[in-house]
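Student: I would like a close look at one part of this model, and then at how the rest of the chain is arranged around that part. Please take me through it in one connected account.

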Amino acid sequence: MRSDWYRNMIAWREAHIKQRHFIILLSFVVGVLAAVAAYVLKSAIHFIQQLLAVSLDGDEVNYWYLLYPIVGIAITSLFVRYIVKDDISHGVTRILYAISQRKSILKLHNVWSSLVGSSITIGFGGSVGAEAPIVLTGSAIGSNLGKFFKMDQKTLMLMVGCGAAGAVGGIFKAPIAGLVFTLEVLMLDMTMTSVVPLLISSVTATAMSYIFAGDAFMFHFSAYEPFAIERIPFLILLGIICGLVSLYFTRGMNFLEGIFRKLKSPWLKLLFGGAMLSLLIFIFPPLYGEGYDTIEALLNGEAEALTDHSFFADYAQVTWVLCAYLILIIFFKIFASAATNGAGGVGGIFAPSLYVGCLTGFVVARIFNSFGIVVPEANFALAGMSGLMSGVMHAPLTGIFLIAELTGGYNLFMTLMIVSVVSYITIMLFEPHSLYAMRLAQKGELLTHHKDRAVLTLLKMENVIETDLSELNPDMTLGELVKVISKSKRNIFPVVDPNTRELLGVLLLDEVRNIMFRPELYDRFTVGQLMISPPAVINQHLPMEKVMQVFEDTGAWNLPVVDDEKRYVGYVSKSKIFNSYRHVLVHFSED
């Protein structure tokens, strides 16, 4: 009964609503749902935080908050292991993987599981952000809505992007940032026709957020100072510093997460990560939670208050002590974030990158001012946020527009642009991929703006392997070989061990053409004597970009494919790859 209703609904939609119009309608729905999800997540985090803080006074906070993050991570870890039963960490990386390797299909549980996991983790004080989980949630909403209405792969990819744009626009009230985040970070090579649904989702989600939470900017500050040309050299220096800090953030986070991946026991991860996080929060209280309170304090000239309940409280008025304190927080923030996620928590690096960027910009400005070089600390703190985001995410436009929209500081565009671009150029000299993309890039599973590489990433080896070649036994005589050749339409023959299926070599028709019509030689030669080694052998799991590199290096047109045990699987030809390449290219280039 239900299946009949579903089929009738799909048939009615296809008959009465054009695909182009339906995509626009769907992008609007995705934007609304993404905004609702963002509001639910933020409300849940704030509710938990207020619930925990209600019975604490100022003298006890430091000690009680030692325990809360561990409890939150433990609850989240149990939730993920026994209820979700799937990995929901690294939200943006999972979206990139789904776009590149899973035909833009995200599991249904991603619609709600990241909301629950991240609200518990962050509400209890985990040192991560809620943005990556909400982006995964929004993308999952788009993917599953598209799948429900039987959209094709290209449209599913667009719906995933709409969900991401709506999530960023909804949680930050930043519609332009939502759009450019999708284009820069998710690396979708969109046409103008495709940009319209992204913009609809982002604007719709932002409008819904205004309805839910009012029209106030996320960060409030009034210390605006207009852009001055004489500050350009100092902004360039800040950009370089932000690029180097981004490099530390990216490689340091990747290294620390690698340590946690080597720990097989979840309880050992919880113990190790929880102890690290608690110790860091005990010494540096600003590491507790997302850190947006810290950003607000720096933007409003209340930096000294960050040392409250710490060992540095009595020396907060000493410039060099305060700067050293903040530099140590910058250094240890990645330890706190990696410990939160590595121990079993759920959160992203969006907020940590903004946090570290704000501290970096403020410290640089405070040091300049201590040497008599007068620069506005709040402006530099904002520029630092933009610079770190640009460097860590390799997304300068996202960094620029997000900070402008978060604060209403549109008159800071020149400041933000200079720092963001310089930071991006600096990190690109050392690290070609963002923290989100580097693991997929190392495996050749990353879809990028590079048209050729993007299409090759979408091609799969199993779709281009040919298995219609006649296999030869190495003990076959030349006479038996001639009979096989007479029935074959190919001019290349794999020689395979009949017992182990191991590829022993190949036999080319050109190699035996001069003797195949001499019957007196039929019993003198065997296939084992006539076969040769192929120019190269390809593993069936090798990414297509590397397969094409092997073809380029060897100059071959046909190469054998084997599995991990060196057993023969089939053949792959350059012409077959080119035909598939053209098909995929045409499909994804259509407007």
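Tutor: Strand 5, residues 568-573, is a good place to begin, being mostly covered, with 5 of its 6 residues buried. Here buried means under 20% relative accessible area, exposed means over 50%, and partly exposed lies in between (1.4 Å probe, protein chains only). Strands are DSSP runs of E with at least two residues, helices are runs of H or I with at least four residues, and both are numbered from the N terminus. The model is a predicted one, in which local features need pLDDT of at least 70 and side-chain atom pairs count only at pLDDT 80 or more, while totals for chains, interfaces and linings use all residues. Residues are numbered from 1 along each chain as its sequence is written, and side-chain values use heavy atoms, with hydrogens and water left out.

Strand 5 runs antiparallel to strand 4 (residues 558-562), and 5 bridges join the two; strands count as paired if DSSP finds at least two bridges between them. Within this pairing, Val-561 has Gly-570 of strand 5 as its bridge partner, and Leu-559 has Val-572 of strand 5. The hairpin made by strand 4 and strand 5 has 5 residues between the strands, and there Lys-566 takes a positive phi near 70°. Strand 4 is itself mostly covered, since 4 of its 5 residues are buried. Strand 4 also pairs with strand 3 (residues 538-539), this time in parallel and through 2 bridges, with Asn-539 standing opposite Val-562 of strand 4. As background, side chains in a regular strand alternate between the two faces of the sheet.

Looking outward to the whole chain, the secondary structure comes to 24 helices and 5 strands, and 55% of the 591 residues count as buried. Of the contacts in the chain with a separation of 6 or more, 75% are accounted for by residues 24 or more positions apart, where contact means heavy atoms within 4.5 Å. The accessible surface comes to about 25900 Å², of which 62% belongs to carbon and sulfur atoms; accessible areas come from the Shrake-Rupley method with a 1.4 Å probe, and for residues only the protein chains shown count as cover.

The interior can be described through its nonpolar cores, each a set of buried Ala, Val, Leu, Ile, Met, Phe, Trp, Tyr and Cys residues joined through side-chain atoms within 4.5 Å. The largest of these cores has 124 residues, and those with the most contacts inside it are Phe-172 and Leu-354. Helix 14 (residues 350-370) gives the most to this core, with 12 residues. A second, separate core has 17 residues, including Leu-472, Met-476, Leu-478 and Val-495. Returning to Phe-172, and not counting residues up to four places away in sequence, the residues that Phe-172 touches include Glu-131, Met-218, Tyr-292 and Leu-354.

One last region is helix 4 (residues 91-101), where Tyr-97 is found. Tyr-97 counts as partly exposed because its relative accessible area is 33%. Tyr-97 and Leu-186 are 89 residues apart in sequence, yet their C-alpha atoms are 9.9 Å apart in space.
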